[in-house]
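Open the model in your viewer and keep the sequence panel beside it. We will walk through it one selection at a time.

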Amino acid sequence: GVGGGGGSEVVTKKVLLEDITGHRCNNCPAAAAIAQQLHGIYGEELIIVGVHATSTFAAPVSPPNPNGSYATDFRTIAGDAYVGAFGVQVLPTGLVSRKAFNGSRTLAADAWGSAVADLIGQPADLDLWFSQFTHNPATNTISAEVKVAVLNTVQGDHNLTIYLTEDSVIDWQYDSQATPPDVPNYVHRHVLRNNLNGTWGAPLITGSAQAGDTLTLSYSGFAIDPAWDPDHLALIGYAHTTSNDEVVQAAERKLRP
C-alpha cells in the first residue's frame, strides 16, 4: 500500500455486468443507461459488456429496410449460447457476475444496482490481469497474455473466458424513449464482438490451485474484423467456476488506453 507500514491492499473481486441487449429492443437503451450510471459510481471495479443476442433483437431486419436501418448483425455465437444456458426470457436482461439474486440469475435492469452493490468490494482469491495485448495491423490479428495470481488456495475447476469488445459503435437503435424511436446514430457501448477462447473459455484451474501460484495463458494470431476500430477494442477476461459459472474475478484492458 501507499505510505509506511508495509502490507498489501486486499485484492477485491471486480464485478462483471453482462447487459444482454439488441439494436431492435425498444427498452434496451434505458437499461444501457443504468449500466453506465453504475459504471460512473463504481469505476473500474465494475466491468460492463453489451451482449447483443437473439434473432428477434440483434439480427439484421429482413427484408432490408430501404433506409439501411438495422442492417447490422450484432449476434455472436457465445451471446446466443448464454441466452439459452441462463434461461433468458426477455430483453433487456442482465447477469451480474452470473450469480443468483433473490433466486434468479437473470435480472431486470432495475435490479442491477442492488446486485452490483452486494458484490462490490468482496475480497478475491484470484488476481487477474492482461500482461500483454497487441494488434498486428499487417495481419489484422491480436495477441494477448493473461496472468492469474492465486492469493488463497482455490478448490474446484475454474475456466478463463476472454471477450473481445468494441466500444462506441455508432449504429441504429430502436428506443422507445426517443422521438422518433428509430435512432440512426446511437452509441452502442462495450459491444461483445467475439470470444478469443470459446463460449465457455479454457481450463484455468483443474482440481485446485495453491496460494502463490501464478498461471499464464497466451493467445496469438486471433483474427479480427477489419471494420472494428482498434482505438475502441478491449479485452475482458473472467475466471469462473465450471460447476455453476459464477464469475470469481475479471479484468479489462483496452488495446489503446
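Strands here are DSSP runs of E with at least two residues, numbered from the N terminus. One such strand, β15, is where you will find V248, so select that residue as the starting point. Keep in mind that you are looking at a predicted model.

**Stop 1: V248 and its surroundings**

Is V248 buried or exposed? Buried means under 20% relative accessible area, and V248 counts as buried because its relative accessibility is 17%. Now show what lies around the side chain and backbone: leaving out residues up to four places away in sequence, V248 touches K13, L126, H158, A239, H240 and T241. For a sense of scale, draw a distance from V248 to D175: their C-alpha atoms are 34 Å apart, with these positions 73 residues apart along the chain.

**Stop 2: the β14-β15 hairpin**

Colour β14 and β15 next. The two strands run antiparallel and are joined by 7 bridges. Look for I236, which stands opposite E252 in β15. Then follow the chain round the turn: the hairpin has 5 residues between its strands, and D245 in that turn has a positive phi of about 70°.

**Stop 3: a three-stranded sheet**

Move on to β4, β5 and β13. They make an open sheet of 3 strands in the order β4-β5-β13, with antiparallel pairing. At the edges are β4 (126-136) and β13 (214-223), each of which pairs on one side only. Neighbouring strands of this sheet are turned by 15° against each other on average, direction ignored. Strands of a sheet pair through backbone hydrogen bonds, so switching on the backbone atoms is worthwhile here. Between β5 (residues 141-150) and β13 the antiparallel pairing covers 8 bridges. To pick out one partnership, select E145 and look across to S218 in β13, its bridge partner.

**Stop 4: the nonpolar cores**

In soluble globular proteins, nonpolar side chains tend to be buried together. Which members of the largest nonpolar core touch the most other members? Select L126, I142, I162, L164, L196, L204 and L235, which do so among its 30 residues. At least two residues of this core come from each of β4, β5, β7 (158-166), β11 (202-205), β13, β14 (233-241) and β15 (247-254). The most come from β5, which gives 5 residues.

Zoom in on L235. Beyond its neighbours within four places in sequence, its contacts include F130, F133, I142, A144, I162 and L196. A second, separate core has 21 residues, among them C25, I47, V51 and A250.

**Stop 5: the aromatic cluster**

Finally, show the rings of Y82, F86, Y163, W200 and Y238, which form one aromatic cluster. The count of aromatic pairs in the model comes to 6. Y82 and F86 make a tilted pair, 6.3 Å centre to centre with 35° between the planes, and both residues are buried. Turn next to Y82 and Y163: their ring centres are 6.4 Å apart and their planes at 50°, so this pair is tilted. Because Y82 lies in helix α3 (residues 77-85) and Y163 in strand β7, the pair ties together parts that are 81 residues apart in sequence. Y82 and Y163 are both buried.

Before leaving Y82, add R98 to the view: R98 lies over the face of the Y82 ring, at 4.5 Å from the ring centre.

Key
Residues are numbered from 1 along each chain as its sequence is written. This is a predicted model: local features need pLDDT of at least 70, side-chain atom pairs count only at pLDDT 80 or more; totals for chains, interfaces and linings use all residues. Side-chain values use heavy atoms; hydrogens and water are left out. Two strands pair if DSSP finds at least two bridges between them. Helices (H or I, at least four residues) and strands (E, at least two) are DSSP runs, numbered from the N terminus. Axes are lines fitted to C-alpha atoms, for helices over the stretch in contact, and angles run from 0 to 180 degrees between N-to-C directions. A nonpolar core is a set of buried Ala, Val, Leu, Ile, Met, Phe, Trp, Tyr and Cys residues joined through side-chain atoms within 4.5 Å. Buried means under 20% relative accessible area, exposed over 50%, partly exposed in between (1.4 Å probe, protein chains only). Contact means heavy atoms within 4.5 Å. Rings of Phe, Tyr and Trp (its six-membered ring) pair if their centres lie within 6.5 Å; planes under 30 degrees apart count as stacked, over 60 as edge-to-face and the rest as tilted. A charge sits over a ring if NZ of Lys or CZ of Arg is within 6 Å of the ring centre and within 35 degrees of the ring normal.
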